Amino acid sequence: MATLKINGEDRNFDAPDDMPLLWVLRDVLGMTGTKFGCGIAQCGACTVHIDGNPVRSCLLPVGAIGNRSVTTIEGIGATEAGAKAQRAWLDLEVIQCGYCQSGQIMSASALLATNPHPDDADIDAAMSGNICRCGTYVRIREAIKRASGEA
Amino acid sequence: MRALDKPLLGPSRRGVLKAGLAGGFWLAFHFPARAVNEPEQQPDTTEGQFAPNAFIRIDRSGKTTLVMPQVEMGQGVYTAVAMILAEELDADFAQVAVVHAPPNEKLYANPFFGVQVTGSSNSVRAFWKPLRQAGAAARAMLVRAAAKEWQVDPASCSASNGKVAHAASARTVGYGDLVDAASGLPVPQDPPLKDPKNFTLIGKPLKRFDTPAKTNGKVVYGIDAMLPGIKFATLAQSPVFGGKVGHVDDSAAKSIPGVRQIVVLDDLVAVVGDHMWAAKQGLDALVVTWDDGKYANLSSRDIWEDLRAASRKEGVIAKTVGDVAKGLSQGDRFEGEYELPFLAHAAMEPMNCTVHARPDGCEVWIGTQVLARVQQTVAQVAGLPVDKVTVHNHLLGGGFGRRLEPDMAATAFRIAQHVDGPVKVVWTREEDIRHDIYRPVYRDVISASLSNGKIVGWKYRIAGSAIIARWLPPAFTNGIDIDAVDSAVDIPYDIPNLQVEYVRAEPPAVPTGFWRGVGANNNVFAIECFMDELARKAGMDPVAFRVGMLGKTPRLKAALELVAEKSDWGKPLPARVGRGVSAQPSFGSFIATVVEAEVDERGEVRLRRVTSAVDTGIAVNPDTIQAQLQGGLIFGLTAALWGEITIEKGRVQQSNFNDYRMLRIDEVPRIDVHVIKSGEDPGGIGETGATASPPALRNAIYAATGVALRRLPIDRAALAVANKA
């Protein structure tokens, strides 16, 4: 039995150390907000935070996390930056199909937490690992700026 | 049978289409166990509710539940459908909830197709009148119920915000209090509809129903269905199209912790485990020898040679105006050939389907654009009566035409029938891309003649798959695929002598299907690219050249003039920067687009700006229309810049986002969409952007470099300075 701190709670589960966090979250713990998109860290749909840093959970072995805390889309609203991002996403009606948006919001909130007033280049650097097939990029950029304006 | 079973629409206007399909059955509603994390689904019964038709339920508390006949895949249709119903119903929009429809072609068939399908950008077009009538009929019944209770003339009552009022006596009553009285009244067949100038919801940028749950991880897509005792499977299909499983050594796979079962079928192997990780590892550990079959040496080169040969033959005439031979003999004649590649859909939610197969029935969890067809397909594969197959639909993590096919449900069932209990079958991204149902390769051959700056003759031949012949056979008549010739037979320009031909050319082995923008995507590309070449031959500005031939299509002319103004058309640009334009009448919307792009010395293309003007008739939700165009334009630009599936040794060579590229945020420029006010009936919007941007980008490159590219994706080598002719 292993334990991880996820969204502030200790969660126990049974999984091998080399199992990527993505599958522990989705298939073992039933936390389906984090998405499978590519399995090779190319699309960002599976982004979570490890101690506040955005990480692609599809390639992160669960045994490598140790005592660090995991934050997922289900818990990001409890952080200041996460709540701001979620509100901006709603206000600007960013989302279409929404499948990539857990990852988009996780990347955006990590950016906003460390850089409350990102410029276009900062947004490009932080967000270019997250693919949106619906093409919501224009609104993602606007929403990050909106969220930073509220800081 | 309760009120829920009364069809509102009556027999399909295109019953002939339906007659040829598997349809024609009438199902009782049946809603067994839901996935444990499912949101509230359609109620099992309408008892105690006012349910005058298939779309509207009002309970005694006044809560209004609207059943969505079209599926939500990001295009905003749930909100648009709810707005149309609520508008005529005069519902309190804050009290409205939406639910997925169950599979039922009798109640929820798309009036355009006669089957329960969401596609072809026609949800709002097809359902505009039926939904308005449904809302208006319900409203009339509620008003009549109140008037009866008050013993006043219904005409002296009004309705708004979920209440009926009688101004003269200052009385009001909520819809919830009228549920029982209204349920006993006859449903009016032809209720009066609102004058659009009195719309209070339609035309407003209202918030979407589906957004909140998509910001906090609560949304449940098909891939998120979780059931007690669920297992997880992933699969490998024959890497060569049409190949079979030869020999399987599963000894290593079986020893992986969490692997429960290996399923070996004729054409695929699947590993079932306690989670996707076990299934994936197990699959990697299988040693499979494939019997490649007859397509083991198939390559893209062969497919293109065949298609080019087919496009040199005469086709079936799909449209004739005037005398094309005479037209082509006048003025100066020019030729062009355009080629579009195979494309994968690459929806962000990989293909998946959860199935619980039992001897006497089957339950399916999926996100699909063809709910009833999934049910019929699984029933057929299972050898079960259709009513023994229950399908739970979900929000879709992207459709783009891929989920117009039920193949993933059939495949998942074939695996699940060997598994005890529910199993979620998830395609890896690699399987998703290598076993897609691809946008076909197309080749278009155009001859045109110019005289005094106008086109006087136009012969246009399309060669490519007849998707309709496979997907909706009764609609494939006289050898003409109505999708393949879309936007070619209805070319918007005034051309006195014109002929459109279609050559059905099916690629060997590679399955082909609908892809966002469908047939229009091909035709708008070829037509609009050639228009720019003709404008240059005529020595005319590309916008002015088009405007001069749009006398019969004034809405497109207005869009073109607006986009020219908004995009700074004609203003000087630096060297190797160009603006390109496209115009299209597709899907009932009139859209003009300008792309501004820069081509560097190595031939790499950078997008600088995109501007579109759209007349889509009455814009039900203008914010959604802007969003759909912004996204659709990016979808098209992605394809134009990067999209191509190639075949070598019978195998798809691309596999994931590393080699099947998507546009990313740092590559996306400013995009402005101008929605033109219009009182016309609504047009379609979901696919239009994907169709609009590729020719506009190509024409921008033409303007920037003088190189007239004639195939996609863009050939950077042809654009490099060293190679410029």
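Here a biologist and a modeller talk through a predicted model.

Biologist: What makes chain A as compact as a globular protein of its length?

Modeller: Start with its elements, which come to five helices and five strands. From the N terminus on, they run β-β-α-β-β-β-α-α-α-α. For 151 residues the globule rule gives 15 Å, and the radius of gyration of chain A is 15 Å, close to that value, so chain A is as compact as a globular protein of that length.

Biologist: And what box do its C-alpha atoms fill?

Modeller: Taken along the principal axes, the box is roughly 45 × 30 × 25 Å.

Biologist: How many of the residues in chain A are buried, and what makes a residue count as buried?

Modeller: A residue is buried if 20 or more other C-beta atoms lie within 10 Å of its own. In chain A, 60% of the 151 residues are buried.

Biologist: What share of the contacts in chain A with a separation of 6 or more joins residues 24 or more positions apart?

Modeller: That share is 63%.

Biologist: How many residues does each chain bring to the contact between chain A and chain B?

Modeller: Chain B brings 48 residues and chain A brings 46. On the chain B side, α6 (211-215), α8 (276-285) and α18 (622-642) each supply at least two residues. The largest share there, six residues, comes from α18(B).

Biologist: How do the residues of that side of chain B divide into nonpolar, polar and charged?

Modeller: The side of chain B that touches chain A has 23 nonpolar, 14 polar and eleven charged residues.

Terms used
Residues numbered from 1 in each chain as written. Chains lettered and ligands numbered in written order. Predicted model: local features only at pLDDT ≥ 70, side-chain atom pairs only at ≥ 80, totals over all residues. Helix = DSSP H or I, 4+ residues; strand = E, 2+ residues; numbered from the N terminus. Rg over C-alpha atoms; globule rule 2.2 N^0.38 Å. Buried ≥ 20, exposed ≤ 12 C-beta atoms within 10 Å, placed from the backbone. Contact = placed C-beta atoms within 7 Å. Nonpolar A, V, L, I, M, F, W, Y, C, P; charged D, E, K, R; others polar.
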